[in-house]
Amino acid sequence: FVRSGKYTSHGYEVVTFNREHADICRQLHTLRKAGFRFSGFTDMSDAEVSRATGLDLPSAALARQRLTSEPVIWQDSEQALSLFHSKLASLGLHAVNGGRFMHISSGGSKALALSYILGQFRYERGCRPKVLACGDAPNDLDLLNRADHALVFPLRGGGYLQPRLQTVSYADEPGPERWLAGVQRILEQVA
């Protein structure tokens, strides 16, 4: 793994696989000056993030504290989006669609983080734990594919992601309560 950064914060070791948030935002600023239209969490207030996400204000404030990616709302044409992706690539960045936002980063992902964590388990404990991954958006698919069991929630537009696993469960509804119930059900089945 190429780690972009490793440091301690609030007593925890933090390992990042992306360029710093400030650098990503500088690159996005140059793209905005080139005429692309989008809004990121950096451009939004806590109240605006709260309205866009459904989070309460304290949670929205926390969500705006980014380390290595910038969620954006695309406000331009589909044609401009294709060019935007090309420009991002030329800057060493890319975009992955989430449930509500397009996430701009330099390539790190949830799947890469999971692989790192599993490697740490093998190195430090000589074992590989079983992994249950949950997801509901395209940026979760790689993570789901690296897990032992996937719990998939409905996409915002309907339908479901289709991980390439034999052990996949599908929740009938979205929402945090359904996530908790689904995880508890699966843990009871494997215990």
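Is Thr 68 buried or exposed? Thr 68 is buried, at a relative accessible area of 17% (buried means under 20%, exposed over 50%, partly exposed in between, with a 1.4 Å probe and protein chains only). The model is predicted; local features need pLDDT of at least 70, side-chain atom pairs count only at pLDDT 80 or more, and totals for chains, interfaces and linings use all residues. Residues are numbered from 1 along each chain as its sequence is written, and side-chain values use heavy atoms, leaving out hydrogens and water.

**View 1. Surroundings of Thr 68.** The loop between H3 and strand S4 (70–74) holds Thr 68 (helices, H or I of at least four residues, and strands, E of at least two, are DSSP runs numbered from the N terminus). Contacts of Thr 68 include Thr 16, Asn 18, Ile 104 and Ser 105, not counting residues up to four places away in sequence (contact: heavy atoms within 4.5 Å).

**View 2. The buried face of helix H2.** Val 49, Ser 50 and Thr 53 are the buried residues of H2 (residues 46–53). Seen down the axis of H2, they fall within an arc of 105°, so they line one face (the arc is that of the directions from the helix axis to the C-beta atoms). These buried residues pack against helix H3 (57–63). Just after H2, Gly 54 has a positive phi of about 85°.

**View 3. Residue classes of the pocket lining.** The lining of the largest pocket divides into 19 nonpolar, 15 polar and seven charged residues (nonpolar: Ala, Val, Leu, Ile, Met, Phe, Trp, Tyr, Cys and Pro; charged: Asp, Glu, Lys and Arg; polar: the others, Gly among them). A pocket is an open set of points on a 1 Å grid over the protein atoms alone, where a 1.4 Å probe fits, with protein on both sides within 12 Å along at least five of seven lines; lining residues have an atom within 4 Å of a point. S2 gives the most to this lining, with three residues.
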